[in-house]
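Subject: Structure handover

Hello,

Here is the structure I promised you. Please open it first, then read my notes below.

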Amino acid sequence: MANTKVLVTDLSLGVSRVPLNYVRPISDRPNLLAVQSSDHSIPVIDLQDLNGPNHSNIVKEIGQACEHDGFFQNHGIPKKVIESMLKVSKEFFQLPEGERLKIYSTDTSKTVRLSTSFNVKTETVANWRDFLRLHCYPLQDYVHEWPSNPPSFREDVAQYCTNVRGLTLRLLEAISESLGLQSDYMDKVLHKHAQHMAINYYPPCPQPELTYGLPIHADPNAITILLQEDVPGLQVLRNGMWIAVNPTPNTFIVNIGDQIEVLSNGKYQSVLHRAVVNRNKYRISIPTFYCPSPDVVIKPAEELVDKEHPALYRSFTYSEYYSKFWNRGLATEKCLDMFRATEYNLDA
C-alpha cells in the first residue's frame, strides 16, 4: 500500500528505505565521503566591536569574508532568546500530525505555511525536509497569523525575529561601508524591507546518501542569518570542494544572497550551499531571509560601475526575481545567471 503521509516528519517514522520519489539520480547524490570538515577555516567576526574603536577593522574583516567566502560566523543575540527559539521549534514539529497539518499549504504566496521539500508543484525529486515558513516584518502585520500552538510560539518567535532584525541592520551597514558606500546604502535600497524565516525540520533518514535535505542552491534574498542546532548538515561550496559547517553554540552563519551580489556588482558573491541529512538524528535549522520590498528595482550600485567595472547584471524588480527562483526550483546554476547583463548581448 502506498504511503499517503504528506509530511516527511510523519512518513519517516514508518520506512526503512527512502521512498523512490526522494531518491536522486546517481550523478546528483551528495557523495558524503568527499566532504571536508570546516574546522576553523570559517571566519568568526565579533560584531560587538562594531560600536567601538575597532570599527574599521571589523568592517574590513566583513568585507574580506564577503569577497572571499560569501559567508562567515558571528554572535550577537542573547543566549536565552536562541534557546527559546530552538525549543519552541522542536515543540512545533512534535505536535500531533493533525495539528500541524492545519496550516499545511503548497501555495508559495502564503505568508504563513507548513510545507515539505521545496516546491512540490514544480520539482521532480522530493527533498527530505519539512518547513514552517513565516513572514516576520513588519511584525504586527503577521504575528496574529502564526501558529498559536505551542502556546509560547508567537512570543518566543517574535522576540527572536526582532533580535535578528537588529543584528541584520548592523550587518547591512557594515557591508555597505566595506564596499565604500554610505553606511545606510543597503537600508535605503531595500526600501521597506521584508523579513521571512523558515523553521526547517530534517527527520532521521534511513539512506542519507541517496537524497538531500536541500540540494545545492544560492539564496535569492539579500542576506541570510542561519541558526543551527547542534546537529551538522549545512555544507558550503568553496574552491570546488564541499565544506561541512559544523555548528557552534549560540553562533550564526551569515551568508550573502543574490541581491547583495548584484548590488556589489559581483564583488561579493552569493554562496552555493546544500543541506544533507543523517541516519540517526533529526536536525533543526532556522534561516532568516532578509529581502528587499517586492517592488524595489535591484541593480548594481552606481558608485561601483565604471568603464573598468561595467554592470554585470541588468536591473529587475525583486518580485520578478523571487518568482523565477521559486518556479525554476533549485539547480546547480544560480538563478542569478538569468539576470546577467551579457545575456542580452550574446551575439555582439
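Strand 6 pairs with strand 13, which covers residues 283-291. Seven bridges join the two, and they run antiparallel. One partner pair to find is A194 in strand 6 and C291 in strand 13. Keep in mind that this is a predicted model.

Strand 6 has another partner. Strand 5, residues 130-137, is joined to strand 6 by seven bridges, again antiparallel. Look for R133 there: A198 of strand 6 stands opposite R133.

Now check the surroundings of strand 6. It spans residues 194-202, and nine of its nine residues are buried, so the rest of the structure largely encloses it. The cover is on both faces. On one side, A194, H196, A198, N200 and Y202 are buried. On the other, Q195, M197, I199 and Y201 are buried too.

Next, go to T224. This residue sits in strand 8, residues 223-228. Is T224 buried or exposed? Its relative accessibility is 2%. Buried means under 20%, so T224 counts as buried.

The side chain of T224 makes polar contacts with two other side chains. One is that of D219, at 2.8 Å. Another is that of N221, at 3.0 Å.

What does T224 touch, leaving out residues up to four places away in sequence? The list is D219, I253, V254, N255, P287, T288 and F289. D219 thus turns up as a touching residue and as a polar partner of T224.

Best wishes

Definitions and conventions: Residues numbered from 1 in each chain as written. Predicted model: local features only at pLDDT ≥ 70, side-chain atom pairs only at ≥ 80, totals over all residues. Heavy atoms only, no water. Buried < 20%, exposed > 50% of the residue type's maximum accessible area, 1.4 Å probe, protein only. Helix = DSSP H or I, 4+ residues; strand = E, 2+ residues; numbered from the N terminus. Pairing = 2+ DSSP bridges. Polar contact = N/O pair within 3.5 Å; in protein donor to acceptor, adjacent residues only side chain to side chain. Contact = heavy atoms within 4.5 Å.
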